[in-house]
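Colleague: I've got a model open and I'd like to learn how to read it. Can you walk me through it?

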Amino acid sequence: MKYIATIGLEVHVQLKTRSKMFCACSVEFGAAPNTHTCPVCLGLPGALPVMNHEALRMTVLTGLMLDCEIAPISKFDRKNYFYPDMPKNYQISQYDMPLCANGRVPLHDLAYPKDAQKNIATPDKEVHLVRIHLEEDVAKSFHFETSTGIDFNRAGTPLMEIVTQPEINSPEEAFAFLTSLKQILIYGGVSDADMEKGQLRCDCNVSVRPEKQAELGAKIEIKNMNSISGVRRALAFEIQRQTEALERGEKLQQETRGWDDAAGETFVMRTKESAHDYRYFPDPDLVPVKSEVLLADARARVPELPKAKRARFIEQYQITPYDAGVLADDVDLARYFETAAKGAKKPKNVANWILNDLQSALSTSGKTINDCPIPPEALDELVNLIESGKISGKQGKEVFAEMFSSGKGAAAIVKEKGIEQLSDTSAIEKFCDEVIAANPKPVADFKAGNAASLNFLKGQVMKLSKGKANPQLAGEILERKLRS
Ligand SMILES: [Zn+2]
C-alpha cells in the first residue's frame with residue numbers, strides 16, 4: 001500500500017527590531033543573563049505594555065511580501081497559561097484578529113536540499129499560509145544538573161508566528177519552504193532568521209495516511225526544531241515511523257514529540273490530552289490596531305523579491321536561470337553582482353567570476369561576500385582587462401589571486417608585475433619568425449598535414465615571449481605564416 005504524508009508548519013520568527021514588543025529593553029542577542037529586563041518584560045504586577053510600532057510595520061511588511069491579506073483592524077489578546085518562563089501567567093498574542101491572513105511562499109528549485117534538486121515532485125510549488133500573527137517571545141530556561149535558570153532577556157522579543165496550510169508533502173518540501181521563507185525575511189530586513197540564534201524556530205505537524213483514505217491521519221507534532229536540516233531529518237524519521245506503524249496495523253494517536261538530533265529520532269513528549277483552553281480574551285491594556293497607517297509605510301519598504309530578481313537578472317544580464325538563482329539566493333551576493341555587472345560588456349563573464357573563483361576564494365578563506373577583499377568595481381575592472389585582451393584568462397587568475405590577498409586593483413597589479421599580455425602584432429610576428437626558423441621539423445610536419453604540430457610551435461612562441469604573447473593572436477599569425 002502507498003502512504004501519503006501531510007505536513008503543516010508553524011514558524012516563529014524573531015523580528016529585527018531594536019527593542020522588545022511592549023517595552024524599551026534591547027533585544028540584543030548574547031548579553032549576560034537578565035541584563036535586558038524591566039518591570040514590563042519581567043511581568044511585574046501593575047506594569048503596562050506599550051506597543052512597538054516598528055514590529056507592527058515589519059509584520060505588515062512580511063504580510064505584503066508573502067501576498068497576505070492585511071486585516072484593516074487587528075487586536076492583541078491574552079493567552080493564559082502558567083509556565084515558569086512567563087511570569088505574568090499569560091502571553092500577549094493575537095487570537096481571532098491577527099494582522100495577516102492567507103498568503104503564500106513560492107518554493108524555488110535551489111531552495112531544495114542539494115541532493116533533491118534533480119528530483120522535485122512539484123516544480124514551482126507554492127505553499128499557502130493560514131495566517132501571520134504577532135506576539136511576544138517568552139523567557140529561556142537553562143537546565144543545569146540540579147537546577148534550572150531562567151534568562152528574561154528573550155522575554156518580550158517581538159515574535160511573528162507564520163502558520164502554513166497542511167499542504168507540504170515531503171521533508172524536502174519542508175526544507176525548501178523554510179529556505180525560501182528565510183530568504184524572503186532576510187530580503188525584507190525583518191529578521192536575520194538565524195536558526196542557531198533561535199531567531200527562526202519551527203514546530204512541524206505531520207500525519208501519514210494510506211493513499212486511498214481521504215481523511216487525514218492522526219496529527220503528530222514535533223516541537224521546537226532549530227535547524228532546517230534537522231526539520232528534514234525529523235520529518236523523514238517520523239514519516240517512516242508512522243508508515244511502519246500503520247503497516248503493522250497499529251492505530252496512531254495524536255501526540256507531541258521532540259527531536260533528538262544526536263540519536264536521529266523523535267521521542268514522545270506528551271500524548272493526547274484535552275485540547276488546551278487558553279481562555280483568550282482581548283488585552284485591556286492594548287487598544288486595537290488600525291492597519292491603514294502601517295500599510296502606507298510597509299508598502300514603501302517592500303523590496304524586489306527573490307523570484308522577481310531572478311527573472312530580471314536573466315532578462316537584463318542574459319545569464320542562465322541557474323546562475324540567476326544562485327546569485328539571487330543571497331541578497332548581498334545579488335547586490336555585489338549588480339554593482340560589478342553595471343559597467344561590464346558581458347555580465348555573464350562577471351557572473352562566472354563571482355560564482356566560480358570568488359565564491360571558492362571566499363569559502364576557502366572563511367569570508368562572506370560582505371567582507372570580500374575585492375570590491376565589485378575592481379572585479380569589473382579585471383573582467384574588462386581580460387575581455388579587451390590586455391591580459392589572458394590564465395593571467396587573470398593570477399591577478400585575481402593577488403587582488404584577493406592584497407586588496408589591490410587589477411590594473412595596478414598588472415602594471416606592477418608586468419604581466420600585460422602582448423597583443424602587438426609586429427612583436428608576435430618576430431617571435432613566430434624565430435620559432436619557424438628554429439624548428440624545421442615540426443614546420444615540415446605541419447605542412448605535411450600534421451595539425452598537432454601547430455600547438456607545439458605555438459607553445460614555443462609562448463615560451464619565447466615568456467608567456468606574454470596573446471595566445472590566440474600567436475596561433476593566428478603562426479598559421480598564416482605556415483600556410484603562405
Ligand atoms: Zn523590558
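Modeller: Sure, and keep in mind that this is a predicted model. Let's start with one term: two residues are in contact if their C-beta atoms, placed from the backbone, lie within 7 Å. Take Leu382: leaving aside residues up to four places away in sequence, Leu382 touches Gly396, Val399, Phe400, Met403 and Ala410.

Colleague: Which nonpolar core residues have the most contacts inside the largest core?

Modeller: Leu382 is on that list, along with Ala174, Phe177, Cys204, Val231 and Phe337, in a core of 105 residues. Helix H2 (residues 171-187) supplies the largest share of this core, eight residues. At least three core residues come from each of domain 1 (3-297) and domain 2 (306-417). Another core, of 10 residues, lies apart from it, and includes Phe431, Val461, Ala474 and Ile477.

Colleague: How do I read the domains, then?

Modeller: The assignment gives domain 1 (3-297), domain 2 (306-417) and domain 3 (425-483). Between domain 2 and domain 3, the C-alpha centres are 34 Å apart.

Colleague: What radius of gyration does the protein have, set against a compact globule of 484 residues?

Modeller: The protein has 31 Å, while a compact globule of that length would be near 23 Å. Along the principal axes, the C-alpha atoms fill a box of roughly 100 × 55 × 50 Å. As for burial, 38% of the 484 residues count as buried.

Colleague: And the secondary structure and contacts overall?

Modeller: There are 15 helices and 17 strands. Among contacts with a separation of 6 or more, 70% are between residues 24 or more positions apart.

Colleague: Now a single helix. Why do the buried residues of H11 line one face of the helix?

Modeller: Here's the general idea. An α-helix has 3.6 residues a turn, so residues three or four places apart point the same way. In this model, the buried residues of helix H11 (residues 410-417) are Ala410, Ile413 and Val414. Looking down the axis of H11, these buried residues fall within an arc of 100°, so they line one face of the helix.

Colleague: Which residues are exposed on the other side of H11?

Modeller: Lys415 and Glu416 are exposed there.

Colleague: What do the buried residues of H11 pack against?

Modeller: They pack against helix H9 (376-387) and helix H10 (393-406). Ala410, one of the buried residues of H11, is also among the residues that Leu382 touches.

Colleague: What comes after H11?

Modeller: Gly418 follows H11, and the phi of Gly418 is positive, near 60°.

Terms used:
Residues are numbered from 1 along each chain as its sequence is written. This is a predicted model: local features need pLDDT of at least 70, side-chain atom pairs count only at pLDDT 80 or more; totals for chains, interfaces and linings use all residues. Helices (H or I, at least four residues) and strands (E, at least two) are DSSP runs, numbered from the N terminus. The radius of gyration is taken over C-alpha atoms; the globule rule is 2.2 Å times the number of residues to the power 0.38. A residue is buried if 20 or more other C-beta atoms lie within 10 Å of its own, exposed if 12 or fewer, and partly exposed in between; C-beta atoms are placed from the backbone. A nonpolar core is a set of buried Ala, Val, Leu, Ile, Met, Phe, Trp, Tyr and Cys residues joined through C-beta atoms within 7 Å. Domain bounds come from an automatic or database domain assignment. The arc is that of the directions from the helix axis to the C-beta atoms.
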